[in-house]
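Let's learn to read a helix and the empty spaces around it. Take a look at the model first.

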Amino acid sequence: MRYVVITGVSRGLGEALLNQFETDEDTVVLALGRGFTDAQRINAGKRLILRHCELAEPSTLPHASELSELFEDADEVVLIHNAAVVAPIGPIGDLEPDELANAVAVNLTAPMLLTNSLLAALPATASRAVIMFVSSGAAHRVIDGWSAYSATKRGAEEFFAHLAEQCSDDPRIKVEVVNPGVMDTGMQETIRSARFAGRQRFLDLYENDELPDPAAIAARLIEDHLKA
């Protein structure tokens, strides 16, 4: 049995990824987040487990003991760090402290904690484990007003680079850091409503209908990075 853990499934890429996995009868999805769609609530059951948590609050995240019980008969385990926040956008010095702390918690702290718990819970029966972190091109360039998002994505990439090095001699464990590019998501709506120097580019992408559907991006990520 394959167990897939996904963060941030209520919309956008996370929802699209969950939809891809839901059709596989040999897969159990553990969906982590603060909210879920009506369809997800209807379909919840043995193969779709909805686990409410606040990614910004470490105490609400699943710990190793909880995951260990879930993974008891796992042949394969997949962890997809999808959830992220782009706010706050603005000049350093004007950022709201609560929003800044939230960005660090959701984009950086939660992926580190969840990965640590998952590896501690990985059963001996599992022949394969894939940890995927959804990053961004913003991790590698300066974008006006995006200091929080860029810094947290860059920091997380460094964490997963260390993990990849640590696991380089373990053929069971695969670490993937992916940049899916822009797509038509709620995050894009937040970006378009913000004020920063590069905003027009994102407005043009939307107005010219050049934002890909998250479903197509999800299918590509699974094909390119999660296939055995």
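**Reading a helix and its spaces**

Q: Why does the span of helix H4 agree with its number of residues?

A: This is a predicted model. Helix H4 covers residues 97–121, which is 25 residues. At 1.5 Å a residue they should span 36 Å, and the end C-alpha atoms are 34 Å apart, so the two agree.

Q: Where does H4 have a kink?

A: The kink lies at Thr109, shortly before the proline Pro111. Its angle is about 40 degrees.

Q: Which residues of H4 are buried, and what do they pack against?

A: Start with the general idea. An α-helix has 3.6 residues a turn, so residues three or four places apart point the same way. In H4 the buried residues include Ala103, Val106, Ala110, Leu114 and Leu118. The buried residues of H4 pack against strands E1, E2, E4 and E5, and against helices H3 and H5.

Q: How is empty space found, and what lines the largest cavity?

A: Rolling a probe the size of a water molecule over the atoms shows where empty space is left. Here the largest cavity has a volume of about 30 Å³. Its lining is Val5, Leu30, Leu32, Pro62, Leu67, Leu79, Leu114 and Leu118. E2 and H4 each give two or more residues to that lining. By class, the lining has eight nonpolar residues, with no polar and no charged ones.

Q: What about the largest pocket?

A: The largest pocket holds about 1,000 Å³ of space. It is lined by 46 residues, and the closest to its centre are Asn82, Ala83, Ala84, Val85 and Met187. H6 supplies the largest share of the lining, five residues. By class, the lining of this pocket has 22 nonpolar, 17 polar and seven charged residues.

Terms used: Residues are numbered from 1 along each chain as its sequence is written. This is a predicted model: local features need pLDDT of at least 70, side-chain atom pairs count only at pLDDT 80 or more; totals for chains, interfaces and linings use all residues. Side-chain values use heavy atoms; hydrogens and water are left out. Helices (H or I, at least four residues) and strands (E, at least two) are DSSP runs, numbered from the N terminus. The expected span of a helix is 1.5 Å times one less than its number of residues. The bend at a residue is the angle between axes fitted to the seven residues ending there and the seven starting there. Buried means under 20% relative accessible area, exposed over 50%, partly exposed in between (1.4 Å probe, protein chains only). Contact means heavy atoms within 4.5 Å. On a 1 Å grid over the protein atoms alone, a cavity is a set of points where a 1.4 Å probe fits but cannot get out, and a pocket is an open set with protein on both sides within 12 Å along at least five of seven lines; lining residues have an atom within 4 Å of a point. Grid points are joined across faces, edges and corners, and a volume is the space filled by probe spheres set on the points. Ala, Val, Leu, Ile, Met, Phe, Trp, Tyr, Cys and Pro count as nonpolar, Asp, Glu, Lys and Arg as charged, and the others, Gly among them, as polar.
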